[in-house]
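Here's a short set of exercises to work through with the model open in your viewer. Try each task before reading its solution.

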Amino acid sequence: MSNIKVAVIGAAGRMGGQVCRVVTDAPDLELVGRYDQGDDLGDLGGATAVVEFSVPSASPANVAHCVERGVHVVVGTTGWAETTLATLRDQLEQQPSVGVLIAPNFAIGAILMMRFAQQAARFYESVEVIELHHPNKVDAPSGTAARTASLIAAARADAGLGDVPDATTQDPDGARGARVDGIPVHSIRLRGLVAHQEVLLGGEGEMLTLRHDSFDRTSFMPGVLAGVRGVAAHPGLTVGLEHYLGLDA
Ligand SMILES: NC(=O)C1=CN([C@@H]2O[C@H](COP(=O)(O)OP(=O)(O)OC[C@H]3O[C@@H](n4cnc5c(N)ncnc54)[C@H](O)[C@@H]3O)[C@@H](O)[C@H]2O)C=CC1
Ligand SMILES: O=C(O)C1=N[C@H](C(=O)O)C[C@H](O)C1
């Protein structure tokens with residue numbers, strides 16, 4: 001079988017650089033293009049699959065460019081809004097054989113943490129998400145935290161749970177964090193960190209803590225490669241690598 005031709009957008013970045021290295025090292029993949037800010041994406045070097053790790057403001061246009069040319073895309077860039085996802089879905093209807101995977105987190109432990117949080121949510125009255133990242137991260141809350149909170153909120157709603165209990169009436173400086181679908185999310189930016197998250201679930205007399213740590217960006221690479229190898233077999237839009245890993249609920 002011939003190699004999958006892969007191009008990387010955001011190739012000069014922390015994630016894009018690592019992806020270029022692992023694609024180059026993979027015997028079944030061929031790196032045919034590296035693109036970054038200001039580059040003309042053109043024909044994408046003849047790629048059949050693109051990996052996109054750029055910035056939230058640029059990612060939708062980059063992905064649209066790939067889809068227009070019939071090229072599959074594995075997207076790691078976070079911060080996609082619901083309306084932008086809807087536009088992408090519409091575009092994909094015109095290109096039914098093209099696959100796009102958008103994964104807020106490619107680390108297996110983070111995917112499992114999200115799943116475990118979703119499973120645990122209905123048993124606990126209280127829940128808070130704390131995400132901790134390196135200080136160069138541009139978006140807050142992280143895509144992983146936003147997705148975790150959405151999954152928890154949906155599980156709570158399915159179980160008939162109401163709002164999380166919170167008696168705070170005075171919080172002028174946002175000390176209680178942001179709310180994603182009603183779930184409190186706290187973002188910490190600290191030199192020395194890579195990507196970390198805790199989900200705290202509290203009930204009468206007990207707490208369950210779910211924690212995941214990416215100590216190094218190598219933790220994302222097996223998931224990215226699984227995405228590249230699987231994307232052609234998943235036409236349309238898929239959100240979350242769990243759907244490629246047999247973890248569908
Ligand atoms: N899904 C996942 O598992 C992970 C997702 N991320 C996300 O990936 C994204 C990138 O993260 P990092 O690599 O740490 O950031 P970074 O800042 O190191 O890299 C971003 C790169 O995108 C480039 N860029 C900016 N505008 C562009 C444009 N219009 N077209 C092409 N390239 C452009 C920048 O020049 C830079 O080289 C962020 O959204 C981050 O949240 C990061 C780690 C893991
Ligand atoms: O910017 C990062 O570094 C990361 N971004 C993703 C996110 O926003 O969730 C994934 C991981 O947390 C690392």
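**Exercise 1. The two ligands**

Which residues come nearest to ligand 1? Find them, then sort both ligand shells by class.

Solution. A bit of housekeeping: this is a predicted model, where local features need pLDDT of at least 70, side-chain atom pairs count only at pLDDT 80 or more, and totals for chains, interfaces and linings use all residues. Residues are numbered from 1 along each chain as its sequence is written, and chains are lettered from A and ligands numbered from 1 in the order in which they are written.

Step 1: G10, G13, M15, A58 and G76 come nearest, out of 26 residues around ligand 1. A residue is near a molecule if its C-beta atom, placed from the backbone, lies within 6 Å of it.

Step 2: helix α1 (residues 14-25) gives the most to this shell, three residues. Helices (H or I, at least four residues) and strands (E, at least two) are DSSP runs, numbered from the N terminus.

Step 3: the shell around ligand 1 splits into 12 nonpolar, 11 polar and three charged residues. Here Ala, Val, Leu, Ile, Met, Phe, Trp, Tyr, Cys and Pro count as nonpolar, Asp, Glu, Lys and Arg as charged, and the others, Gly among them, as polar.

Step 4: ligand 2 has T78, P104, N105, H133, K137, S142, G143, T144 and A195 around it. By class, that's two nonpolar, six polar and one charged.

**Exercise 2. Strand β5 and its neighbours**

Work out which strands pair with β5, and in which sense.

Solution. Step 1: on one side, β4 (residues 72-75) runs parallel to β5 and is joined to it by three bridges; V74 has L101 as its bridge partner. Two strands pair if DSSP finds at least two bridges between them.

Step 2: β11 (residues 236-239) also pairs with β5 in the parallel sense, over four bridges, and V100 stands opposite L237 there.

Step 3: add helix α3 (residues 82-93), and β4, α3 and β5 make a right-handed β-α-β unit. Right-handed means that, with the strands pointing away from the viewer, the path from the first strand over the helix to the second runs clockwise.

Step 4: now check both faces of β5 (residues 99-102). G99 and L101 on one side are buried, and so are V100 and I102 on the other. A residue is buried if 20 or more other C-beta atoms lie within 10 Å of its own, exposed if 12 or fewer, and partly exposed in between. L101 counts as buried because it has 27 C-beta neighbours inside 10 Å.

**Exercise 3. The core**

Which residues have the most contacts inside the largest nonpolar core?

Solution. Step 1: they are V6, V50 and V100, in a core of 60 residues. The largest share, six residues, comes from helix α5 (residues 143-158). Such a core is a set of buried Ala, Val, Leu, Ile, Met, Phe, Trp, Tyr and Cys residues joined through C-beta atoms within 7 Å.

Step 2: domain 1 (4-102 + 218-244) and domain 2 (108-215) each supply at least three residues to this core. The bounds come from an automatic or database domain assignment.

**Exercise 4. Strand β6**

Trace which side chains of β6 (126-133) are buried, then find the strands that pair with it.

Solution. Step 1: V127, V129, E131 and H133 point to one face and are buried, while S126, E128, I130 and L132 point to the other and are not.

Step 2: β6 and β9 run antiparallel, joined by eight bridges, with L200 as the partner of E128. β6 and β8 run parallel over five bridges, and E131 has S187 as its partner.

Step 3: carry on from β9 and you reach β10 (residues 206-214), antiparallel to β9 and joined by nine bridges. These two strands form a hairpin with two residues between them, and G205 in the turn has a positive phi of about 70 degrees.

**Exercise 5. Odd backbone spots**

Most residues other than glycine have a negative phi, and most peptide bonds are trans. Hunt down the exceptions below.

Solution. Step 1: L44 has a positive phi of about 60 degrees and sits in the loop between β2 (29-35) and β3 (49-52). L44 is buried because it has 22 C-beta neighbours inside 10 Å.

Step 2: D181 has a positive phi of about 50 degrees, in the loop between β7 (178-180) and β8. D181 counts as partly exposed because 14 other C-beta atoms lie within 10 Å.

Step 3: a cis peptide bond joins A140 and P141, with omega about -5 degrees. P141 lies in the loop between β6 and α5.
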